[in-house]
Structure formats: C-alpha cells, structure tokens
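Student: Let's go through this one together. Can you put the model up?

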Amino acid sequence: MITLGSLFDGIGGFPLAAVNNGIIPIWVSEIESFPIEVTKIRFPDMVHVGDITKLKGEELPPVDIITGGSPCQDLSVAGTRAGLAGERSRLFMEQIRITKEMRCKDGREGKANDLIRPRYFVWENVPGAFSSTGGEDFQAVLEESPRIADSTISIPRPPRGIWKSAGCILGYEFSVAWRVLDAQYWGVAQRRKRIFLVADFGGHTAPKILFEQESLFGNT
C-alpha cells in the first residue's frame, strides 16, 4: 500500500490523482474553509492536519509520498515577482522542513535510505519559477529538494541563468526530475502549463516517473 500526504491541498488535486492510481491519501494540510469542505466530501477518510506553518513533521503519520503546490503568486510573471522571499511563495520552505522532519524521525532506527519515508517528494508550480529572481529561485528549489537526503548538494545555475523546461539530476542515492506539463493534453479544456518536480530520496526513479509513459499518445 502506497500512501500520500498533501500539503497546500486546495480541493484535493493530488489526492484525486492518488486514488486514481491506487495510492491512498492519508492526510492533508489546507487552511481555506471551502476547499476543506470539498475534500471532506470527496475523501471522507483523509485526516485534515491544519496550517502548514504549525505542523511538525515528526508528529505526522508517515507516508510514502509528500506533495505540495506551494503558493505561486510571488513566482508568477503576473505577480509582484517577489520570488521565494515573498510572503506566500516562501512557504515552499515549509514543505522542505516538514519532509526533513518526517525523514529524520523515520530514519532514526537505521533504515536503508530507500526505506525511509517519505521516499518521494512532489512539487508543482508555475513556469514563472524558472525566471524568478534571475533564475536563482528555481536553483534554490533544485538545491533544497535533494538536500532533504544529502545536505552537501550544490546545484550550479545554467548558462545565462536560463532553465530548460525539463531536466534531471542524479545523485549517489537520490534523483530529481522536473518537467513542464500543459493541462490541455491531460483532459482539461484550457491551456495551463505547470512545472512538476519529483524527487526520489532512495533511488534513481524520478526521471522514470516523469519521462517514461506507459502507453502511446492518444488522439486529443
């Protein structure tokens, strides 16, 4: 049984994807009342754990996957471009903190790295994150994510600070991959591009998850 915890849950996009793929959403963090009421109806068995800033990772039920679409307003090209230093988008670091705390607790018993939970980390955000603060914000995302497993990691910026729309990083025992996906090719009647980043803290499956499809493209 693969389990999931969802941060910045909204109306349950990640839990919906989870149940459609045989993954069980265990708990969610959200503070807005209307989305909470929606997910209580759709996923009555999920536990609502409240405000992300007040959570302690070591107190949360362990899960295999932790997801989060942290607030995008400070990263979007339509926003103030305050970046990860902005009041809302800096909440990304809360997702990092909680994941570290969860893995720290689960790893105290001397488990192998691939058995420490959560093993997988998923982040979703707007493509404006690539250019925010001259590319430094996405560099920070790429560094902070694998540092959950290896604190020594340093990720250089690309030439001229321009990030490509897809890529991956392979470490000794971890992998990180990112890719821009457009909702219009996934059954939604609108163009909506988003970055999806997957980190595997126990192996090299992140690029397989994001880049290897299980079937041929359909006729959209």
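**Strands, packing and odd backbone**

Tutor: Strand β2 (residues 24-28) runs parallel to β3, and two bridges join them. Strands are DSSP runs of E with at least two residues, helices are runs of H or I with at least four, and both are numbered from the N terminus. Two strands pair if DSSP finds at least two bridges between them.

Student: Ground rules first?

Tutor: This is a predicted model, so local features need pLDDT of at least 70 and side-chain atom pairs pLDDT 80 or more, while totals for chains, interfaces and linings use all residues. Numbering starts from 1 along each chain as its sequence is written, and side-chain values use heavy atoms, without hydrogens or water.

Student: Back to β3. Which residue is the bridge partner of Val28 there?

Tutor: His48.

Student: And Val47, what does that touch?

Tutor: Val47 lies in β3. Leaving out residues up to four places away in sequence, Val47 touches Ile26, Trp27 and Val28. Contact here means heavy atoms within 4.5 Å.

Student: Is Val47 buried or exposed?

Tutor: In between. Val47 has 45% relative accessibility, so it counts as partly exposed. Buried means under 20% relative accessible area, exposed means over 50%, and partly exposed lies in between, with a 1.4 Å probe and protein chains only.

Student: How far apart are Val47 and Pro61?

Tutor: They are 9.8 Å apart in space, C-alpha to C-alpha, and 14 residues apart in sequence.

Student: Zoom out. What's the strand order in the sheet?

Tutor: β3-β2-β1-β4-β5-β8-β7-β6. The sheet is open, has eight strands and mixes its pairing. At the edges sit β3 (47-48) and β6 (166-170), each paired on one side only.

Student: What does α3 do with the sheet?

Tutor: α3 packs on the sheet and touches β1 (3-7), β2, β4 (65-68) and β5 (120-125). The direction of α3 makes about 175 degrees with that of β5.

Student: How many helices overall?

Tutor: Five, along with eight strands. Along the sequence the pattern reads β-α-β-α-β-β-α-β-α-β-β-β-α. Of the 220 residues, 48% are buried. Among contacts with a separation of 6 or more, 60% come from residues 24 or more positions apart.

Student: Now the other edge. Which strand does β6 pair with?

Tutor: Strand β7 (residues 175-182), antiparallel, through five bridges. A hairpin of four residues joins β6 to β7. Gly167 stands opposite Trp178, and Leu170 has Ser175 as its bridge partner.

Student: Which face of β6 is covered?

Tutor: The one with Gly167 and Ile169. Ala166, Cys168 and Leu170 form the uncovered face. In a regular strand, side chains alternate between the two faces of the sheet.

Student: And β7, how many of its residues are buried?

Tutor: Six of eight, so β7 is mostly covered. β7 also pairs with strand β8 (residues 193-200), antiparallel over eight bridges. Arg179 stands opposite Phe196 in that pair.

Student: Helices next. At what angle do α3 and α4 pack?

Tutor: About 15 degrees, with the axes of α3 (residues 92-106) and α4 (residues 136-147) 10 Å apart. That makes α3 roughly parallel to α4. The crossing is left-handed.

Student: Which conventions?

Tutor: Axes are lines fitted to C-alpha atoms, for helices over the stretch in contact, and angles run from 0 to 180 degrees between N-to-C directions. Under 35 degrees is roughly parallel, over 145 roughly antiparallel, 65 to 115 roughly perpendicular, and the rest oblique. Left-handed means the near helix is turned anticlockwise from the far one by less than a right angle; clockwise is right-handed.

Student: Which residues meet there?

Tutor: Phe92, Met93, Ile96 and Lys100 of α3 meet Val141, Glu144, Ser145 and Arg147 of α4. That contact has four nonpolar, one polar and three charged residues. Nonpolar covers Ala, Val, Leu, Ile, Met, Phe, Trp, Tyr, Cys and Pro; charged covers Asp, Glu, Lys and Arg; the others, Gly among them, are polar.

Student: Last topic, backbone oddities. Which peptide bond is cis?

Tutor: Arg117 to Pro118, with omega near -5 degrees. Pro118 sits in the loop between α3 and β5.

Student: What is the phi of Phe8?

Tutor: Positive, about 50 degrees, and Phe8 is not a glycine. Phe8 lies in the loop between β1 and α1 (13-19). Its 17% relative accessibility is why Phe8 counts as buried.

Student: And Thr133, where is that?

Tutor: In the loop between β5 and α4. Thr133 also has a positive phi of about 50 degrees without being a glycine. Thr133 counts as partly exposed, because its relative accessibility is 41%.
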